[in-house]
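Open the model in your viewer and keep the sequence beside it. The stops below say what to select and what is there.

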Amino acid sequence: MLGGCSSQLLAHNSNSGIMKKDTLLPPVFLIGEFETQYTEAIQVYETLLLSACDNDMDEAYSKWVSMLEEMEAYSEEIDFDLKGLKVWFNIFWEPNGQISHLAYYLKPVSKNLDLEELNAFFKSFIKNYRFPLVYNKKYSHYGTASFPVFARIMQTAPADQKDLSNGQD
């Protein structure tokens with residue numbers, strides 16, 4: 001009896017995507033799948049988005065949010081509802097800004113989506129999108145996202161606002 005359970009477990013594991021060793025890393029996958037290839041990709045795309053932006057946090061954040069806003073706009077364009085999606089991303093870019101790989105994992109508080117449909121959406125997005133950063137090396141970023149995207153960056157305060165942080169009017 002144990003032998004039957006054991007072979008079913010092995011069959012399940014080999015089909016689940018967790019133990020894929022001789023496969024190329026797909027363009028879209030769940031974090032936890034393709035662990036060997038994922039670990040290799042992290043080493044190949046070792047330059048972080050922040051480093052590619054000359055360690056300018058505002059620029060890196062602005063580009064990240066811009067991509068999420070483009071993703072949201074694309075979802076609306078093709079009528080794929082991302083509202084309520086909360087996810088961890090690890091994105092891998094080519095030097096020209098093309099996304100090579102998009103790894104993700106849904107947060108526990110995320111809206112449930114059919115993963116095959118979500119994978120198809122992400123694959124379609126990365127085929128149609130170019131990140132607004134050209135760099136001399138491959139680069140990556142690990143971050144979170146929630147949809148709808150509400151992040152807005154305040155670049156400069158309006159001229160009529162007073163700086164009250166140091167007690168002056």
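Start with the whole chain in cartoon view: from the N terminus on, its elements run α-β-α-β-α-α-β-β-α-β. That makes 5 helices and 5 strands, taken as DSSP runs numbered from the N terminus (helices are H or I, at least four residues; strands are E, at least two). This is a predicted model, in which local features need pLDDT of at least 70 and side-chain atom pairs count only at pLDDT 80 or more, while totals for chains, interfaces and linings use all residues. Residues are numbered from 1 along each chain as its sequence is written, and side-chain values use heavy atoms, with hydrogens and water left out.

Next, select Met 67, Met 71, Phe 89, Leu 102, Tyr 104 and Phe 122. These have the most contacts inside the largest nonpolar core, which has 36 residues. Such a core is a set of buried Ala, Val, Leu, Ile, Met, Phe, Trp, Tyr and Cys residues joined through side-chain atoms within 4.5 Å; buried means under 20% relative accessible area (1.4 Å probe, protein chains only).

Add the elements that each supply at least two residues of this core, among them strand 3 (86-93), strand 4 (99-106) and helix 5 (115-128). Helix 4 gives the most, with 7 residues.

Now centre on Met 71. Leaving out residues up to four places away in sequence, Met 71 touches Leu 82, Phe 89, Leu 102, Phe 121, Phe 122, Phe 125 and Phe 147; contact means heavy atoms within 4.5 Å.

Last, select Leu 25, Phe 29, Tyr 38 and Tyr 45, which are included in a second, separate core of 8 residues.

Methods:
Buried < 20%, exposed > 50% of the residue type's maximum accessible area, 1.4 Å probe, protein only.
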